[in-house]
Amino acid sequence: MDENFNEYYLDDDKKLFLLLTRMQDEVHRYAITTHINKRNKSVFNSVFDDVPGIGAKRKEQLIKAFPSINELKNAKIEEIEQIVPKESAEKLFEKIKGLI
């Protein structure tokens with residue numbers, strides 16, 4: 001379709017039609033793959049991600065101390081400070097309270 005909304009039809013056996021079909025298929029494949037990768041990445045995110053001062057080891061310690069999200073929500077900031085530094089505990093506490 002051009003700027004005057006005139007449509008142009010291509011025969012199925014024309015090389016241009018085959019090229020455009022391949023391009024459309026590649027765009028669709030890319031969109032699907034990107035969506036799947038983004039969805040898979042978000043499956044492994046946790047409340048501890050993006051909190052400064054909480055890496056893999058502290059994340060593991062927090063999970064051991066608070067195995068469920070409810071236990072973490074009911075935890076006092078002092079309990080969290082026993083595992084992570086005060087600033088990190090405050091950020092995590094704010095993030096958890098934002099989930100309620």
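Where does Asp-50 lie? Let's find out, one view at a time. This is a predicted model, in which local features need pLDDT of at least 70 and side-chain atom pairs count only at pLDDT 80 or more, while totals for chains, interfaces and linings use all residues. Residues are numbered from 1 along each chain as its sequence is written, and side-chain values use heavy atoms, with hydrogens and water left out.

**View 1. Asp-50 sits in the loop between α1 and α2 (56-65).** Phi of Asp-50 is near 70°, a positive value in a residue that is not glycine. Asp-50 is also exposed, with a relative accessible area of 78%. Here, buried means under 20% relative accessible area, exposed means over 50%, and partly exposed is in between (1.4 Å probe, protein chains only).

**View 2. Phe-5 is found in the segment before α1 (15-43).** Although Phe-5 is not a glycine, its phi is positive, at about 65°. Is Phe-5 buried or exposed? With 65% relative accessibility, Phe-5 counts as exposed.

**View 3. The whole chain has five helices and zero strands.** Helices (H or I, at least four residues) and strands (E, at least two) are DSSP runs, numbered from the N terminus. Read from the N terminus on, the elements run α-α-α-α-α. The radius of gyration of the chain is 25 Å, well over the 13 Å that the globule rule gives for 100 residues, so the chain is more spread out than a compact globule. That radius is taken over C-alpha atoms, and the globule rule is 2.2 Å times the number of residues to the power 0.38. Along its principal axes, the C-alpha trace spans about 70 × 30 × 20 Å. Of the 100 residues, 15% count as buried.

**View 4. Thr-33 lies in helix α1.** Thr-33 counts as partly exposed, at 33% relative accessibility. Now look for Ile-77: how far apart are the C-alpha atoms of Thr-33 and Ile-77? They are separated by 41 Å, and the two residues are 44 residues apart along the chain.

**View 5. Leu-62, Ile-80 and Leu-92 touch the most other members of the largest nonpolar core, which has 14 residues.** A nonpolar core is a set of buried Ala, Val, Leu, Ile, Met, Phe, Trp, Tyr and Cys residues joined through side-chain atoms within 4.5 Å. Helix α5 (residues 86-99) gives the largest share of the largest core, three residues.

**View 6. Ile-80 has many partners to pick out, including Leu-62, Phe-66 and Leu-72.** Others that Ile-80 touches are Ala-75, Ala-89, Leu-92, Phe-93 and Ile-96, not counting residues up to four places away in sequence. Contact means heavy atoms within 4.5 Å.

**View 7. Phe-93 has its place in helix α5.** Which residues is Phe-93 in contact with, leaving aside its neighbours within four places in sequence? They are Ala-75, Lys-76, Ile-77 and Ile-80. At 22% relative accessibility, Phe-93 counts as partly exposed. Gln-61 is 32 residues from Phe-93 in sequence, and the two are 16 Å apart in space, C-alpha to C-alpha.
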